[in-house]
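Work through these exercises with the structure open beside you. Try each task before you read its solution.

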Amino acid sequence: MRYSRFFAPTLRDDPADAEVISHKLLLRAGFIRRVTSGVYDFLPMGLRVLRKIEGIVREEMARAGAQELLLPMVQPSELWKKSGRWEKYGNELLRFKDRHAHESCLGPTHEEVICDLVSRELRSYKQLPMNLYQIQSKFRDEVRPRFGLMRGREFVMKDAYSFHADEESLQEEYDNMFATYQRIFTRLGLKFRAVEADTGSIGGNQSHEFHVLAESGEDLIAYCSHCDYAANVEKGISTRTIPSFDDAALHEIETPNVSSVEDVASFLKIDPSQLIKTLVYQVTGGEFDGQTVAACVYGDDSLQEIKLARALAANDVELADDAALLAIGGIKGFVGPQGLSCKILVDESLRDAVGMVAGGNNADSHVSGLSISRDIENADFVDLREVRLNDGCAHCSEGHIEHARGIEVGQVFALGQQYTKPLEVLFQDQNGKRATATMGCYGIGVSRLVAAVIEQCNDENGMIWPLSLAPFQVAIITMGKSETAMNASEKLYDDMCKQGIEVLWDDRKERPGVKFKDAELMGLPIHVVIGDRGLDADAIEIRQRTGSKQDVALSAVIDTIHGILAGAN
(Lines give C-alpha, C1' and ligand atoms only; values in the text may rest on other atoms or scores of the structure.)
Protein backbone atom coordinates (compact mmCIF):
# COMPACT_ATOMS: atom_id res chain seq x y z
CA MET A 1 0.00 0.00 0.00
CA ARG A 2 1.23 3.49 -0.89
CA TYR A 3 0.87 5.84 2.08
CA SER A 4 -0.14 8.69 -0.25
CA ARG A 5 -3.30 6.72 -1.08
CA PHE A 6 -3.87 5.22 2.36
CA PHE A 7 -6.49 6.50 4.80
CA ALA A 8 -4.55 6.80 8.08
CA PRO A 9 -5.17 10.23 9.67
CA THR A 10 -2.63 10.53 12.48
CA LEU A 11 -2.65 13.04 15.35
CA ARG A 12 0.38 14.65 16.96
CA ASP A 13 -1.12 15.10 20.44
CA ASP A 14 -3.00 12.84 22.82
CA PRO A 15 -6.80 13.33 22.63
CA ALA A 16 -8.15 15.01 25.75
CA ASP A 17 -10.76 12.32 26.46
CA ALA A 18 -8.37 9.36 26.21
CA GLU A 19 -7.13 8.00 29.57
CA VAL A 20 -5.25 4.75 28.93
CA ILE A 21 -2.30 4.31 26.57
CA SER A 22 -4.12 2.02 24.11
CA HIS A 23 -6.95 4.52 23.65
CA LYS A 24 -4.49 7.37 23.10
CA LEU A 25 -2.37 5.47 20.60
CA LEU A 26 -5.28 3.98 18.65
CA LEU A 27 -6.68 7.47 18.10
CA ARG A 28 -3.34 9.14 17.42
CA ALA A 29 -2.21 6.47 14.95
CA GLY A 30 -5.45 6.61 12.98
CA PHE A 31 -6.64 3.09 13.85
CA ILE A 32 -10.05 4.11 15.24
CA ARG A 33 -12.35 7.12 15.49
CA ARG A 34 -15.15 7.76 17.97
CA VAL A 35 -18.72 7.80 16.64
CA THR A 36 -20.55 8.20 19.92
CA SER A 37 -20.06 7.11 23.51
CA GLY A 38 -18.58 3.59 23.51
CA VAL A 39 -18.93 3.16 19.72
CA TYR A 40 -15.97 3.39 17.32
CA ASP A 41 -15.15 3.26 13.62
CA PHE A 42 -12.34 0.86 12.69
CA LEU A 43 -10.22 2.65 10.11
CA PRO A 44 -8.17 0.60 7.57
CA MET A 45 -5.11 0.33 9.83
CA GLY A 46 -7.15 -0.82 12.83
CA LEU A 47 -9.23 -3.21 10.74
CA ARG A 48 -6.09 -4.94 9.46
CA VAL A 49 -5.07 -5.73 13.06
CA LEU A 50 -8.60 -6.83 13.96
CA ARG A 51 -8.69 -9.23 11.01
CA LYS A 52 -5.32 -10.73 11.97
CA ILE A 53 -6.57 -11.43 15.48
CA GLU A 54 -9.72 -12.96 14.01
CA GLY A 55 -7.55 -15.11 11.75
CA ILE A 56 -5.60 -16.57 14.68
CA VAL A 57 -8.85 -17.20 16.56
CA ARG A 58 -10.37 -18.97 13.55
CA GLU A 59 -7.31 -21.15 13.03
CA GLU A 60 -7.29 -22.32 16.64
CA MET A 61 -11.06 -22.83 16.78
CA ALA A 62 -10.85 -24.98 13.66
CA ARG A 63 -7.98 -26.92 15.23
CA ALA A 64 -10.22 -27.50 18.27
CA GLY A 65 -13.02 -28.92 16.09
CA ALA A 66 -15.45 -25.98 16.25
CA GLN A 67 -17.60 -24.89 13.28
CA GLU A 68 -18.22 -21.27 12.36
CA LEU A 69 -21.67 -19.82 11.67
CA LEU A 70 -23.25 -16.38 11.92
CA LEU A 71 -26.27 -15.52 14.05
CA PRO A 72 -28.43 -12.37 13.93
CA MET A 73 -27.61 -9.42 16.16
CA VAL A 74 -31.34 -8.64 16.64
CA GLN A 75 -33.02 -11.19 18.91
CA PRO A 76 -36.74 -11.59 19.70
CA SER A 77 -37.86 -11.02 23.28
CA GLU A 78 -39.71 -14.36 23.32
CA LEU A 79 -36.47 -16.32 23.52
CA TRP A 80 -35.11 -14.16 26.35
CA LYS A 81 -38.37 -14.41 28.28
CA LYS A 82 -38.32 -18.17 27.82
CA SER A 83 -34.81 -18.38 29.33
CA GLY A 84 -35.78 -15.99 32.15
CA ARG A 85 -33.19 -13.35 31.24
CA TRP A 86 -35.42 -10.64 29.72
CA GLU A 87 -35.74 -8.92 33.10
CA LYS A 88 -32.76 -10.50 34.86
CA TYR A 89 -30.10 -9.20 32.47
CA GLY A 90 -30.66 -5.59 33.50
CA ASN A 91 -30.20 -2.27 31.74
CA GLU A 92 -27.21 -3.42 29.67
CA LEU A 93 -29.71 -5.21 27.44
CA LEU A 94 -30.83 -2.68 24.82
CA ARG A 95 -34.52 -3.40 24.23
CA PHE A 96 -36.65 -1.88 21.48
CA LYS A 97 -39.90 -2.32 19.55
CA ASP A 98 -40.23 -2.49 15.79
CA ARG A 99 -43.04 -0.91 13.72
CA HIS A 100 -45.30 -3.83 14.64
CA ALA A 101 -44.71 -3.22 18.37
CA HIS A 102 -42.78 -6.47 18.59
CA GLU A 103 -40.15 -6.44 21.35
CA SER A 104 -36.57 -7.33 20.49
CA CYS A 105 -33.06 -6.63 21.78
CA LEU A 106 -29.57 -6.12 20.40
CA GLY A 107 -27.65 -9.24 21.33
CA PRO A 108 -25.02 -8.89 24.04
CA THR A 109 -24.55 -12.66 23.86
CA HIS A 110 -26.29 -15.50 21.99
CA GLU A 111 -27.18 -18.37 24.34
CA GLU A 112 -30.90 -18.04 23.59
CA VAL A 113 -30.54 -17.83 19.81
CA ILE A 114 -28.12 -20.75 19.51
CA CYS A 115 -30.32 -22.91 21.76
CA ASP A 116 -33.32 -22.08 19.60
CA LEU A 117 -31.40 -23.12 16.49
CA VAL A 118 -30.06 -26.36 17.95
CA SER A 119 -33.41 -27.29 19.51
CA ARG A 120 -34.96 -27.30 16.02
CA GLU A 121 -32.19 -29.35 14.41
CA LEU A 122 -30.98 -31.76 17.12
CA ARG A 123 -32.50 -35.21 16.98
CA SER A 124 -30.09 -37.86 18.23
CA TYR A 125 -27.17 -38.29 20.60
CA LYS A 126 -25.20 -39.25 17.48
CA GLN A 127 -25.09 -35.54 16.55
CA LEU A 128 -23.34 -34.71 19.82
CA PRO A 129 -21.04 -33.23 20.88
CA MET A 130 -21.05 -30.15 18.67
CA ASN A 131 -19.31 -26.78 19.05
CA LEU A 132 -20.61 -23.83 17.02
CA TYR A 133 -19.06 -20.37 17.08
CA GLN A 134 -19.25 -16.96 15.46
CA ILE A 135 -17.26 -13.73 15.30
CA GLN A 136 -19.76 -10.91 15.41
CA SER A 137 -20.55 -7.44 16.76
CA LYS A 138 -22.33 -7.31 20.12
CA PHE A 139 -23.99 -4.46 21.97
CA ARG A 140 -24.14 -3.94 25.72
CA ASP A 141 -25.51 -0.63 26.97
CA GLU A 142 -22.69 0.03 29.45
CA VAL A 143 -23.54 2.67 32.02
CA ARG A 144 -20.07 4.18 31.73
CA PRO A 145 -18.17 3.16 28.61
CA ARG A 146 -14.52 4.16 28.84
CA PHE A 147 -10.96 3.40 27.83
CA GLY A 148 -11.79 3.20 24.13
CA LEU A 149 -11.98 -0.41 22.91
CA MET A 150 -11.40 -1.75 26.43
CA ARG A 151 -14.97 -1.06 27.57
CA GLY A 152 -17.21 -0.05 24.71
CA ARG A 153 -20.89 -0.52 24.09
CA GLU A 154 -20.48 -2.06 20.64
CA PHE A 155 -17.65 -4.57 20.29
CA VAL A 156 -16.52 -7.58 18.29
CA MET A 157 -16.68 -10.92 20.08
CA LYS A 158 -15.95 -14.55 19.32
CA ASP A 159 -18.64 -16.58 21.08
CA ALA A 160 -18.79 -20.36 20.92
CA TYR A 161 -21.45 -22.75 22.24
CA SER A 162 -21.05 -26.47 22.75
CA PHE A 163 -23.78 -29.07 23.27
CA HIS A 164 -23.35 -32.47 24.90
CA ALA A 165 -25.16 -35.62 25.90
CA ASP A 166 -23.72 -35.63 29.43
CA GLU A 167 -21.57 -33.71 31.93
CA GLU A 168 -18.48 -35.79 31.19
CA SER A 169 -18.54 -34.71 27.55
CA LEU A 170 -19.09 -31.07 28.60
CA GLN A 171 -16.05 -31.19 30.87
CA GLU A 172 -13.92 -32.58 28.03
CA GLU A 173 -14.93 -29.69 25.77
CA TYR A 174 -14.45 -27.16 28.58
CA ASP A 175 -10.88 -28.42 28.93
CA ASN A 176 -10.47 -28.36 25.15
CA MET A 177 -11.57 -24.71 24.97
CA PHE A 178 -9.39 -23.82 27.96
CA ALA A 179 -6.36 -25.20 26.12
CA THR A 180 -7.46 -23.51 22.88
CA TYR A 181 -7.61 -20.12 24.60
CA GLN A 182 -4.15 -20.65 26.02
CA ARG A 183 -2.85 -21.28 22.49
CA ILE A 184 -4.63 -18.21 21.10
CA PHE A 185 -3.27 -15.80 23.69
CA THR A 186 0.19 -17.31 23.44
CA ARG A 187 0.18 -16.84 19.67
CA LEU A 188 -0.85 -13.22 20.20
CA GLY A 189 2.34 -12.74 22.22
CA LEU A 190 0.52 -11.81 25.41
CA LYS A 191 1.44 -12.17 29.05
CA PHE A 192 -1.78 -13.58 30.47
CA ARG A 193 -3.19 -15.59 33.32
CA ALA A 194 -6.24 -17.86 33.57
CA VAL A 195 -8.20 -17.34 36.80
CA GLU A 196 -11.25 -18.83 38.48
CA ALA A 197 -14.20 -16.52 37.96
CA ASP A 198 -17.75 -15.77 38.97
CA THR A 199 -20.28 -16.82 36.33
CA GLY A 200 -22.11 -13.47 36.49
CA SER A 201 -25.22 -12.88 34.37
CA ILE A 202 -24.31 -15.75 32.01
CA GLY A 203 -24.69 -18.35 34.76
CA GLY A 204 -23.42 -21.89 35.09
CA ASN A 205 -21.42 -23.77 37.70
CA GLN A 206 -17.82 -23.37 36.49
CA SER A 207 -15.95 -20.55 34.82
CA HIS A 208 -12.45 -19.24 34.13
CA GLU A 209 -11.44 -15.81 32.90
CA PHE A 210 -8.35 -15.06 30.85
CA HIS A 211 -6.64 -11.81 31.79
CA VAL A 212 -3.94 -9.87 30.00
CA LEU A 213 -1.69 -8.55 32.75
CA ALA A 214 -1.54 -4.74 32.64
CA GLU A 215 -1.58 -1.92 35.17
CA SER A 216 -4.50 -0.36 33.30
CA GLY A 217 -6.65 -3.46 33.88
CA GLU A 218 -10.02 -2.93 35.54
CA ASP A 219 -9.99 -6.33 37.26
CA LEU A 220 -8.00 -7.26 40.35
CA ILE A 221 -6.56 -10.77 40.24
CA ALA A 222 -5.49 -12.74 43.29
CA TYR A 223 -2.90 -15.47 42.80
CA CYS A 224 -0.72 -17.69 44.94
CA SER A 225 3.01 -17.09 45.22
CA HIS A 226 3.65 -20.84 45.44
CA CYS A 227 1.06 -22.84 43.47
CA ASP A 228 -0.99 -22.31 40.29
CA TYR A 229 -4.08 -20.97 42.06
CA ALA A 230 -5.45 -17.72 40.63
CA ALA A 231 -8.89 -16.12 40.78
CA ASN A 232 -10.72 -12.90 40.20
CA VAL A 233 -11.24 -11.23 43.61
CA GLU A 234 -14.99 -11.62 43.02
CA LYS A 235 -14.47 -15.38 43.27
CA GLY A 236 -11.17 -15.81 45.13
CA ILE A 237 -10.81 -17.58 48.46
CA SER A 238 -7.96 -17.40 50.94
CA THR A 239 -7.15 -17.93 54.58
CA ARG A 240 -6.49 -15.19 57.07
CA THR A 241 -4.99 -15.08 60.51
CA ILE A 242 -7.88 -15.50 62.91
CA PRO A 243 -7.47 -13.03 65.80
CA SER A 244 -8.07 -14.29 69.32
CA PHE A 245 -9.79 -12.18 71.95
CA ASP A 246 -10.94 -12.96 75.49
CA ASP A 247 -14.48 -14.20 75.89
CA ALA A 248 -16.55 -11.74 77.90
CA ALA A 249 -20.09 -10.75 78.71
CA LEU A 250 -21.94 -8.63 76.22
CA HIS A 251 -22.26 -5.01 77.34
CA GLU A 252 -22.95 -1.62 75.81
CA ILE A 253 -20.32 1.10 75.46
CA GLU A 254 -20.76 4.72 74.48
CA THR A 255 -19.10 5.85 71.25
CA PRO A 256 -20.33 9.44 70.74
CA ASN A 257 -20.10 10.56 67.10
CA VAL A 258 -17.77 7.65 66.34
CA SER A 259 -19.01 5.20 63.73
CA SER A 260 -16.39 4.12 61.15
CA VAL A 261 -14.22 1.07 61.82
CA GLU A 262 -11.04 3.17 61.93
CA ASP A 263 -12.52 5.78 64.27
CA VAL A 264 -14.08 3.23 66.63
CA ALA A 265 -10.84 1.24 66.81
CA SER A 266 -8.90 4.41 67.57
CA PHE A 267 -11.47 5.60 70.15
CA LEU A 268 -11.49 2.25 71.98
CA LYS A 269 -7.75 1.67 71.46
CA ILE A 270 -8.29 -1.74 69.86
CA ASP A 271 -7.22 -3.35 66.59
CA PRO A 272 -9.74 -3.04 63.70
CA SER A 273 -9.81 -6.84 63.51
CA GLN A 274 -11.68 -6.87 66.87
CA LEU A 275 -14.63 -5.12 65.26
CA ILE A 276 -17.42 -6.71 63.28
CA LYS A 277 -18.40 -4.73 60.21
CA THR A 278 -22.14 -5.11 59.56
CA LEU A 279 -23.48 -4.02 56.18
CA VAL A 280 -27.16 -4.02 55.29
CA TYR A 281 -28.44 -4.61 51.75
CA GLN A 282 -31.62 -4.68 49.69
CA VAL A 283 -31.88 -7.80 47.53
CA THR A 284 -33.04 -7.96 43.91
CA GLY A 285 -34.13 -11.27 42.40
CA GLY A 286 -34.24 -14.80 43.74
CA GLU A 287 -35.88 -16.16 46.87
CA PHE A 288 -35.10 -13.02 48.88
CA ASP A 289 -36.21 -10.49 46.25
CA GLY A 290 -37.17 -7.20 47.89
CA GLN A 291 -35.95 -8.26 51.32
CA THR A 292 -33.35 -6.66 53.56
CA VAL A 293 -30.35 -8.72 54.69
CA ALA A 294 -27.34 -8.04 56.91
CA ALA A 295 -23.82 -9.28 56.18
CA CYS A 296 -20.87 -9.40 58.61
CA VAL A 297 -17.10 -9.52 58.13
CA TYR A 298 -14.09 -8.66 60.29
CA GLY A 299 -13.52 -4.93 60.62
CA ASP A 300 -10.26 -5.10 58.68
CA ASP A 301 -11.83 -7.11 55.83
CA SER A 302 -13.84 -5.92 52.83
CA LEU A 303 -17.13 -7.54 51.90
CA GLN A 304 -17.33 -8.78 48.30
CA GLU A 305 -20.86 -7.93 47.15
CA ILE A 306 -20.84 -10.44 44.30
CA LYS A 307 -20.15 -13.23 46.79
CA LEU A 308 -23.11 -12.01 48.86
CA ALA A 309 -25.39 -11.98 45.82
CA ARG A 310 -24.33 -15.50 44.89
CA ALA A 311 -24.87 -16.73 48.46
CA LEU A 312 -28.44 -15.42 48.21
CA ALA A 313 -28.91 -16.69 44.62
CA ALA A 314 -29.87 -13.08 43.87
CA ASN A 315 -29.45 -10.95 40.76
CA ASP A 316 -28.02 -8.03 42.70
CA VAL A 317 -27.60 -6.45 46.12
CA GLU A 318 -27.57 -2.74 46.95
CA LEU A 319 -26.79 -0.97 50.20
CA ALA A 320 -29.99 -0.29 52.12
CA ASP A 321 -31.26 3.22 52.80
CA ASP A 322 -31.90 4.70 56.26
CA ALA A 323 -35.57 3.71 56.24
CA ALA A 324 -34.74 0.07 55.52
CA LEU A 325 -32.20 0.12 58.37
CA LEU A 326 -34.76 1.44 60.83
CA ALA A 327 -37.31 -1.14 59.69
CA ILE A 328 -35.07 -4.01 60.80
CA GLY A 329 -33.95 -2.36 64.06
CA GLY A 330 -30.70 -0.73 62.93
CA ILE A 331 -29.45 2.81 62.74
CA LYS A 332 -27.01 4.36 60.31
CA GLY A 333 -23.39 4.29 61.50
CA PHE A 334 -24.09 2.02 64.46
CA VAL A 335 -25.48 -1.18 62.93
CA GLY A 336 -24.66 -4.46 64.63
CA PRO A 337 -25.88 -8.02 63.96
CA GLN A 338 -27.59 -8.69 67.29
CA GLY A 339 -31.33 -8.16 67.41
CA LEU A 340 -31.84 -7.35 63.73
CA SER A 341 -35.13 -8.58 62.29
CA CYS A 342 -33.74 -9.84 58.98
CA LYS A 343 -31.66 -12.63 57.50
CA ILE A 344 -28.04 -12.44 58.69
CA LEU A 345 -25.07 -13.83 56.79
CA VAL A 346 -21.68 -14.05 58.51
CA ASP A 347 -18.33 -14.69 56.91
CA GLU A 348 -17.05 -18.19 57.63
CA SER A 349 -13.91 -16.81 59.30
CA LEU A 350 -16.08 -15.32 62.08
CA ARG A 351 -17.76 -18.59 63.02
CA ASP A 352 -15.94 -19.01 66.37
CA ALA A 353 -15.27 -15.32 67.07
CA VAL A 354 -15.63 -14.11 70.67
CA GLY A 355 -14.89 -10.86 72.49
CA MET A 356 -15.84 -8.77 69.46
CA VAL A 357 -17.04 -5.18 69.17
CA ALA A 358 -20.04 -4.33 66.97
CA GLY A 359 -22.60 -1.61 66.43
CA GLY A 360 -25.18 -1.39 69.18
CA ASN A 361 -28.16 -0.46 66.97
CA ASN A 362 -28.53 2.72 69.01
CA ALA A 363 -27.13 6.16 68.26
CA ASP A 364 -23.60 6.71 69.63
CA SER A 365 -23.45 3.15 70.92
CA HIS A 366 -21.49 -0.06 70.35
CA VAL A 367 -21.38 -3.36 72.19
CA SER A 368 -18.31 -5.30 73.29
CA GLY A 369 -17.85 -8.91 74.32
CA LEU A 370 -19.97 -10.13 71.40
CA SER A 371 -19.82 -13.87 70.70
CA ILE A 372 -21.09 -14.98 67.31
CA SER A 373 -22.36 -18.40 68.43
CA ARG A 374 -23.91 -17.05 71.64
CA ASP A 375 -25.36 -13.70 70.58
CA ILE A 376 -26.33 -14.12 66.91
CA GLU A 377 -29.20 -16.51 66.30
CA ASN A 378 -29.86 -18.25 62.99
CA ALA A 379 -26.83 -16.82 61.22
CA ASP A 380 -25.78 -18.39 57.93
CA PHE A 381 -22.01 -18.83 57.55
CA VAL A 382 -20.72 -18.30 54.00
CA ASP A 383 -17.64 -16.95 52.23
CA LEU A 384 -18.13 -13.16 52.00
CA ARG A 385 -14.72 -11.58 52.42
CA GLU A 386 -12.58 -10.28 49.58
CA VAL A 387 -9.17 -11.89 49.38
CA ARG A 388 -6.41 -9.59 50.60
CA LEU A 389 -2.78 -9.15 49.71
CA ASN A 390 -0.59 -11.55 51.75
CA ASP A 391 -3.52 -13.75 52.82
CA GLY A 392 -2.70 -17.44 53.00
CA CYS A 393 -3.44 -19.65 50.01
CA ALA A 394 -6.41 -21.91 50.73
CA HIS A 395 -5.27 -24.41 48.10
CA CYS A 396 -1.65 -25.18 48.94
CA SER A 397 -1.27 -23.74 52.47
CA GLU A 398 2.33 -22.81 51.60
CA GLY A 399 2.08 -19.68 49.49
CA HIS A 400 0.56 -16.27 50.08
CA ILE A 401 -1.82 -14.19 48.00
CA GLU A 402 -0.40 -11.62 45.59
CA HIS A 403 -2.31 -9.17 43.44
CA ALA A 404 -2.11 -8.11 39.78
CA ARG A 405 -4.28 -5.98 37.52
CA GLY A 406 -5.78 -7.66 34.49
CA ILE A 407 -7.76 -6.91 31.34
CA GLU A 408 -10.35 -9.64 30.83
CA VAL A 409 -10.11 -10.82 27.22
CA GLY A 410 -11.84 -14.21 27.40
CA GLN A 411 -14.04 -16.39 29.56
CA VAL A 412 -15.20 -20.00 29.44
CA PHE A 413 -18.35 -21.33 31.14
CA ALA A 414 -19.76 -24.74 31.94
CA LEU A 415 -23.46 -23.87 31.80
CA GLY A 416 -25.02 -27.28 32.36
CA GLN A 417 -28.73 -27.16 31.52
CA GLN A 418 -29.36 -23.55 32.53
CA TYR A 419 -30.44 -22.63 29.00
CA THR A 420 -31.05 -25.95 27.32
CA LYS A 421 -33.80 -26.91 29.77
CA PRO A 422 -36.07 -23.84 29.45
CA LEU A 423 -35.36 -23.60 25.71
CA GLU A 424 -36.04 -27.33 25.25
CA VAL A 425 -32.85 -28.51 23.59
CA LEU A 426 -33.79 -32.18 23.55
CA PHE A 427 -32.44 -35.29 21.86
CA GLN A 428 -32.99 -39.05 21.82
CA ASP A 429 -30.38 -40.77 23.99
CA GLN A 430 -28.83 -44.22 23.53
CA ASN A 431 -31.80 -45.81 25.32
CA GLY A 432 -34.33 -44.20 23.01
CA LYS A 433 -35.50 -41.73 25.65
CA ARG A 434 -35.84 -37.97 25.39
CA ALA A 435 -33.06 -36.15 27.24
CA THR A 436 -31.97 -32.54 27.72
CA ALA A 437 -28.60 -31.53 26.31
CA THR A 438 -25.99 -29.92 28.52
CA MET A 439 -24.08 -26.87 27.33
CA GLY A 440 -20.93 -24.75 27.55
CA CYS A 441 -20.13 -21.30 26.18
CA TYR A 442 -16.80 -19.65 25.46
CA GLY A 443 -16.18 -15.98 24.64
CA ILE A 444 -13.22 -13.87 23.50
CA GLY A 445 -13.31 -10.07 23.22
CA VAL A 446 -11.70 -9.74 19.79
CA SER A 447 -11.81 -5.95 19.53
CA ARG A 448 -10.75 -5.61 23.16
CA LEU A 449 -7.67 -7.67 22.31
CA VAL A 450 -6.55 -4.92 19.94
CA ALA A 451 -6.32 -2.59 22.93
CA ALA A 452 -4.96 -5.24 25.31
CA VAL A 453 -1.99 -6.00 23.06
CA ILE A 454 -1.11 -2.30 22.92
CA GLU A 455 -1.29 -2.01 26.72
CA GLN A 456 1.57 -4.53 26.88
CA CYS A 457 3.38 -3.54 23.66
CA ASN A 458 4.23 0.16 23.58
CA ASP A 459 6.91 2.69 24.40
CA GLU A 460 7.22 6.48 24.47
CA ASN A 461 7.15 6.59 20.65
CA GLY A 462 4.02 4.52 20.07
CA MET A 463 2.86 0.97 19.52
CA ILE A 464 5.14 -2.05 19.11
CA TRP A 465 3.14 -4.68 17.22
CA PRO A 466 4.29 -8.30 17.14
CA LEU A 467 4.95 -9.34 13.53
CA SER A 468 1.94 -11.67 13.58
CA LEU A 469 -0.45 -8.79 14.33
CA ALA A 470 1.13 -5.72 12.73
CA PRO A 471 -1.09 -3.98 10.17
CA PHE A 472 1.93 -4.00 7.85
CA GLN A 473 5.10 -5.97 8.43
CA VAL A 474 7.37 -3.48 6.69
CA ALA A 475 7.48 0.29 6.21
CA ILE A 476 9.56 1.60 3.32
CA ILE A 477 10.59 5.13 4.23
CA THR A 478 11.84 7.14 1.27
CA MET A 479 14.22 9.93 2.28
CA GLY A 480 14.21 13.09 0.18
CA LYS A 481 12.57 13.65 -3.17
CA SER A 482 15.22 12.53 -5.65
CA GLU A 483 14.09 10.49 -8.64
CA THR A 484 16.74 7.87 -7.86
CA ALA A 485 15.42 7.27 -4.34
CA MET A 486 11.78 7.20 -5.51
CA ASN A 487 12.53 4.73 -8.31
CA ALA A 488 14.53 2.42 -6.02
CA SER A 489 11.76 2.58 -3.41
CA GLU A 490 9.05 1.80 -5.97
CA LYS A 491 10.94 -1.20 -7.35
CA LEU A 492 11.59 -2.56 -3.86
CA TYR A 493 7.92 -1.99 -2.99
CA ASP A 494 6.73 -3.86 -6.09
CA ASP A 495 9.12 -6.76 -5.42
CA MET A 496 7.96 -7.06 -1.81
CA CYS A 497 4.31 -7.06 -2.85
CA LYS A 498 4.98 -9.83 -5.39
CA GLN A 499 6.60 -11.95 -2.66
CA GLY A 500 3.66 -11.53 -0.29
CA ILE A 501 5.35 -9.18 2.16
CA GLU A 502 2.86 -6.77 3.74
CA VAL A 503 4.42 -3.39 3.09
CA LEU A 504 3.44 0.26 3.51
CA TRP A 505 5.53 2.54 1.29
CA ASP A 506 5.69 6.05 2.71
CA ASP A 507 5.86 7.92 -0.59
CA ARG A 508 4.45 11.15 0.84
CA LYS A 509 6.11 14.49 0.27
CA GLU A 510 6.83 14.86 3.97
CA ARG A 511 9.94 15.51 6.00
CA PRO A 512 11.87 12.36 7.03
CA GLY A 513 11.17 13.10 10.71
CA VAL A 514 7.41 12.99 10.11
CA LYS A 515 7.71 9.66 8.28
CA PHE A 516 9.82 8.08 11.02
CA LYS A 517 7.48 9.30 13.75
CA ASP A 518 4.40 7.92 11.99
CA ALA A 519 6.05 4.52 11.41
CA GLU A 520 7.01 4.32 15.09
CA LEU A 521 3.61 5.57 16.25
CA MET A 522 1.85 2.88 14.21
CA GLY A 523 4.22 0.24 15.56
CA LEU A 524 5.27 -1.16 12.18
CA PRO A 525 7.91 -3.79 13.02
CA ILE A 526 10.48 -3.31 10.21
CA HIS A 527 11.57 0.01 8.67
CA VAL A 528 13.55 0.04 5.42
CA VAL A 529 15.15 3.45 4.84
CA ILE A 530 15.85 4.41 1.20
CA GLY A 531 17.87 7.56 0.54
CA ASP A 532 20.52 8.80 -1.85
CA ARG A 533 23.33 8.34 0.66
CA GLY A 534 22.44 4.71 1.36
CA LEU A 535 21.97 3.97 -2.33
CA ASP A 536 25.34 5.50 -3.23
CA ALA A 537 27.07 3.31 -0.62
CA ASP A 538 24.81 0.30 -1.39
CA ALA A 539 24.08 0.16 2.33
CA ILE A 540 20.32 0.20 2.98
CA GLU A 541 19.38 0.66 6.62
CA ILE A 542 16.91 -1.83 8.08
CA ARG A 543 15.56 -0.85 11.49
CA GLN A 544 13.43 -3.00 13.72
CA ARG A 545 10.87 -1.30 15.92
CA THR A 546 12.39 -3.04 18.93
CA GLY A 547 15.66 -1.13 18.39
CA SER A 548 18.11 -3.18 16.34
CA LYS A 549 19.62 -1.82 13.09
CA GLN A 550 21.67 -3.20 10.22
CA ASP A 551 22.92 -2.06 6.82
CA VAL A 552 22.57 -4.43 3.87
CA ALA A 553 23.03 -4.21 0.13
CA LEU A 554 19.90 -3.23 -1.80
CA SER A 555 19.89 -6.63 -3.51
CA ALA A 556 19.85 -8.34 -0.08
CA VAL A 557 17.00 -6.35 1.48
CA ILE A 558 14.18 -8.77 0.67
CA ASP A 559 16.16 -11.86 1.76
CA THR A 560 16.98 -10.06 5.00
CA ILE A 561 13.28 -9.23 5.53
CA HIS A 562 12.34 -12.87 4.90
CA GLY A 563 14.92 -13.91 7.49
CA ILE A 564 13.47 -11.56 10.09
CA LEU A 565 9.93 -12.75 9.37
CA ALA A 566 10.97 -16.42 9.53
CA GLY A 567 12.72 -15.85 12.84
CA ALA A 568 9.52 -14.52 14.35
CA ASN A 569 7.50 -17.63 13.46
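**Exercise 1. Find the aromatic cluster and look at one of its pairs.**

Solution. Start with the cluster: ring pairs connect Phe178, Tyr181, Phe185, Phe192 and Phe210. Rings of Phe, Tyr and Trp (its six-membered ring) pair if their centres lie within 6.5 Å; planes under 30 degrees apart count as stacked, over 60 as edge-to-face and the rest as tilted.

A note on the model before you go on. It is predicted: local features need pLDDT of at least 70, side-chain atom pairs count only at pLDDT 80 or more, and totals for chains, interfaces and linings use all residues. Residues are numbered from 1 along each chain as its sequence is written, and side-chain values use heavy atoms, with hydrogens and water left out.

Now widen the view. The whole structure holds nine aromatic pairs. One of them joins phenylalanine 178 and phenylalanine 210, with 5.1 Å from centre to centre and 55° between the planes, a tilted pair. Phenylalanine 178 sits in helix 6 and phenylalanine 210 in strand 10 (residues 206-213), so this pair ties together parts 32 residues apart in sequence. Helices (H or I, at least four residues) and strands (E, at least two) are DSSP runs, numbered from the N terminus.

Last step: phenylalanine 210 has 0% relative accessibility, so it counts as buried. Buried means under 20% relative accessible area, exposed over 50%, partly exposed in between (1.4 Å probe, protein chains only).

**Exercise 2. Classify the pair of tyrosine 493 and tryptophan 505.**

Solution. Take the distance and the angle. The ring centres are 5.7 Å apart and the planes stand at 40°, so the pair is tilted. Next, place the partners. Tyrosine 493 belongs to helix 12 (residues 483-498) and tryptophan 505 to strand 28 (residues 503-506), 12 residues apart. Then check burial. Tyrosine 493 is buried, at a relative accessible area of 10%. Tryptophan 505 is buried too, at 1%.

**Exercise 3. Test the length of helix 6, then sort its residues.**

Solution. Begin with the length. The expected span of a helix is 1.5 Å times one less than its number of residues. Helix 6 (residues 167-187) has 21 residues and should span 30 Å; its end C-alpha atoms are 30 Å apart, which agrees.

Now sort by burial. Ser169, Leu170, Glu173, Tyr174, Met177, Thr180, Tyr181, Ile184 and Phe185 of helix 6 are buried. They cover an arc of only 135° around the axis, which puts them on the same side of helix 6. That arc is taken from the directions from the helix axis to the C-beta atoms. On the other side of helix 6, Glu168, Glu172 and Thr186 are exposed.

Finish with what follows the helix. Just after helix 6, glycine 189 has a positive phi of about 75°.

**Exercise 4. Which residues of helix 11 are buried?**

Solution. List them: Val446, Ser447, Arg448, Leu449, Val450, Ala451, Ala452, Val453, Ile454 and Glu455. That makes 10 of the 11 residues of helix 11 (residues 446-456), so the helix is largely enclosed by the rest of the structure.

**Exercise 5. Draw the open sheet of five strands.**

Solution. Write the order down: 16-14-15-17-20, with mixed pairing. Mark the edges. Strand 16 (316-319) and strand 20 (380-382) each pair on one side only. Two strands pair if DSSP finds at least two bridges between them. Now join strand 17 (residues 343-347) to strand 20: three bridges link them, and they run parallel. In strand 20, phenylalanine 381 is the bridge partner of valine 346.

**Exercise 6. Find the backbone exceptions.**

Solution. Recall the rule. Most residues other than glycine have a negative phi, and most peptide bonds are trans.

- Alanine 101 has a positive phi, near 65°. It lies in the loop between strand 5 (95-97) and strand 6 (103-106). At 52% relative accessibility, alanine 101 counts as exposed.
- Asparagine 257 has a positive phi of about 60°. Its loop runs between strand 13 (251-254) and helix 7 (261-268). At 72% relative accessibility, asparagine 257 counts as exposed.
- The peptide bond from leucine 128 to proline 129 is cis, with omega near 0°. Proline 129 is in the loop between helix 5 (111-121) and strand 7 (130-139).
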